[in-house]
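Hi,

Here is the structure I said I'd pass along. Have a look at it first, and my notes on what turned up are underneath.

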Amino acid sequence: MAKASKVTGMVLLAGVLLVAAACGNGNESASKQPSETTTPAASLESSAGNTESVSNEKKIKMRVITITTDENRNNIMEKFIKPNIASAFPNLEVEFEPGGGGEDMANKLKTLNSSGDMPDVFWNDAGYFTPLKSTGSILDLTSHITTDGFLGKYSVPDALKHVDGKIYSLSSGADTYFTPVIFYHKDMFEQAGVQVPTTFDELIQISKTLKSKDMVPAVTPGKDGWGPKLYMLQQMIQIGDPQAMSDLVSNKTDFNNPSVKAGVARIEQLAKEGVFPDGIANLDYGPAMEMFTSKRAAMLWMFTWELPNLAKDDSVDFFPFPSASDKYDPTKNVQFWGSPLNGYAVSAKTKYPEEAVKLAEYLAMADALYFESTGAPISLNTGNPAMDRSPLMQKFVDWYNPIPNKIASLALNSLDARTSAELSSQGANLLTGEYATDDFIAAMGKIWSENTWFDN
């Protein structure tokens, strides 16, 4: 339990990050729009450092594996990375390999690590960081990015540090602003005659009404327990007792806590009440998104990384998860996504560490430029003036920034690989509506007692 303080430290640090990032990326006037001469290519070439022409030299081959699961990641790759990488790195020949995401990405990296076939640069994640570190397969970036000045581009550089004080991953800093919310189609709510719920009971009731109108009330990715593991369990505990959720993240309590049990029971109730579509436990990310965007589902439970894309539809709005007790207030408590481990990492076994670090910096800057272009707040300074935000993004930032109690995500900050895999499996079981809360608690209680995360 003594080691729980490391998560608390991350929560406090995230609060500082939010203030700093918000100050540096506020809603500026139209005159502060990026000039026509400030382009992603220019910024990316600058971030890559000075590279000389090597047309007469043999190019260095680099292999990169990154997330390829959603529209944001595809846009970053196709619009910001691939069009500019040749001019940024004329000395490199870069091969991009799709990694998928979630458990697929974790399994891929674990397999490559075991076979000694690690890529030079890859997207790092808490779910598979431990085995990479234990085998000496991930590079400590601290001295590299300090020497070349890249660390100085972050508004809060300490936010990159793992609990051991080292830096293993580079990101845009946008992760801290990702949180799960409930997106909804305003016209579908109006058609069904329902209002935005403020309590969990009201959420159940409007879902019944939506279903009676032949609408799927809500959708979220359920395959491999994606939703339950990444946010649903946390939200269902948090809306009843934020302190219990914070204690679970920091290992000050366990799954036998009555408030934790109550949160699990809410997921069981949601499944049994038919809030989600049939087969939710096997529904992947893409089909879940399509079900909402095609208006076959009235609500989408999802992280705000999808907000820039969803904001293109004027019928879409969002609301925070509604309260299940007077202990919870959505203006005072929120889950934040993010971990110092999330971002682009470098293999410690790469033949070209200096070039690989520069490439990781380039990829992190591409992320920053993309999220900046959507109006999303970031903590990595691109050198561009801040852009105006969409009304929906501004609504989100206005709600999110002032929230005093930002609780770190359980999935990224509290689970070793075995515990993470078990939570995925148990979460998928819950979504079937045929799995009892007590069975979930018994299974997770056992694996939680063996969780080695807090021993790191």
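Among the contacts in the protein chain with a separation of 6 or more, 80% are between residues 24 or more positions apart. Keep in mind that this is a predicted model. The chain has 456 residues, and 57% of them are buried. I count 18 helices and ten strands. The accessible surface comes to about 18,100 Å², with 49% of that belonging to carbon and sulfur atoms.

Let's start with the sheets. One is an open sheet of four strands, in the order S2-S1-S3-S9, with mixed pairing. The edges are strand S2 (92-98) and strand S9 (343-346); each has a single partner strand, so one side of each has no neighbour in the sheet. From one strand to the next, the twist averages 30°. Inside this sheet, strand S1 (residues 60-66) pairs with strand S3 (residues 121-124) in the parallel sense, over two bridges. If you want a spot to zoom in on, isoleucine 65 has phenylalanine 122 in S3 as its bridge partner. Helix H3 (residues 71-88) packs on the sheet and touches S1, S2, S3 and S9, and its direction makes about 165° with that of S2.

There is also an open four-stranded sheet with the order S5-S6-S4-S7, and its pairing is mixed too. Here strand S5 (216-219) and strand S7 (316-319) are at the edges with a single partner strand each, so each has one side without a neighbour in the sheet. The twist in this sheet averages 25° from one strand to the next. Strand S4 (residues 180-185) and strand S6 (residues 297-303) run antiparallel to each other, paired over five bridges, and valine 181 has methionine 302 in S6 as its bridge partner. Helix H15 (residues 391-400) lies across S4 and S7, at about 5° to S7.

Next, the inside. Nonpolar side chains tend to be buried together in soluble globular proteins. In this model, the largest nonpolar core has 145 residues, and those with the most contacts inside it are Leu170, Phe183, Met299, Trp301 and Phe440. Helix H14 (residues 353-373) gives the most to this core, with 13 residues. Phenylalanine 183 is worth clicking on: leaving out residues up to four places away in sequence, its contacts include Phe292, Met299, Phe303, Leu307, Val316 and Phe318.

Helix H5 (residues 126-134) has its own set of buried residues, namely Ala126, Gly127, Tyr128, Phe129 and Leu132. Their cover includes helix H4 (102-115), S3, H16 and H17. Just after H5, glycine 136 takes a positive phi of about 65°.

One last residue to look at: is serine 414, in the loop between helix H16 (410-413) and helix H17 (417-431), buried or exposed? It counts as buried, because its relative accessibility is 0%. The side chain of serine 414 reaches the backbone oxygen of valine 249 at 2.7 Å. Setting aside neighbours within four places in sequence, serine 414 is in contact with Val249, Trp448, Asn451, Trp453 and Phe454.

Cheers

Technical notes
Residues are numbered from 1 along each chain as its sequence is written. This is a predicted model: local features need pLDDT of at least 70, side-chain atom pairs count only at pLDDT 80 or more; totals for chains, interfaces and linings use all residues. Side-chain values use heavy atoms; hydrogens and water are left out. Buried means under 20% relative accessible area, exposed over 50%, partly exposed in between (1.4 Å probe, protein chains only). Contact means heavy atoms within 4.5 Å. Accessible areas come from the Shrake-Rupley method with a 1.4 Å probe; for residues, only the protein chains shown count as cover. Two strands pair if DSSP finds at least two bridges between them. Axes are lines fitted to C-alpha atoms, for helices over the stretch in contact, and angles run from 0 to 180 degrees between N-to-C directions. A nonpolar core is a set of buried Ala, Val, Leu, Ile, Met, Phe, Trp, Tyr and Cys residues joined through side-chain atoms within 4.5 Å. A polar contact is a pair of N or O atoms within 3.5 Å; within protein, one must be able to donate a hydrogen and the other to accept it, and residues adjacent in sequence count only if both atoms are side-chain atoms.
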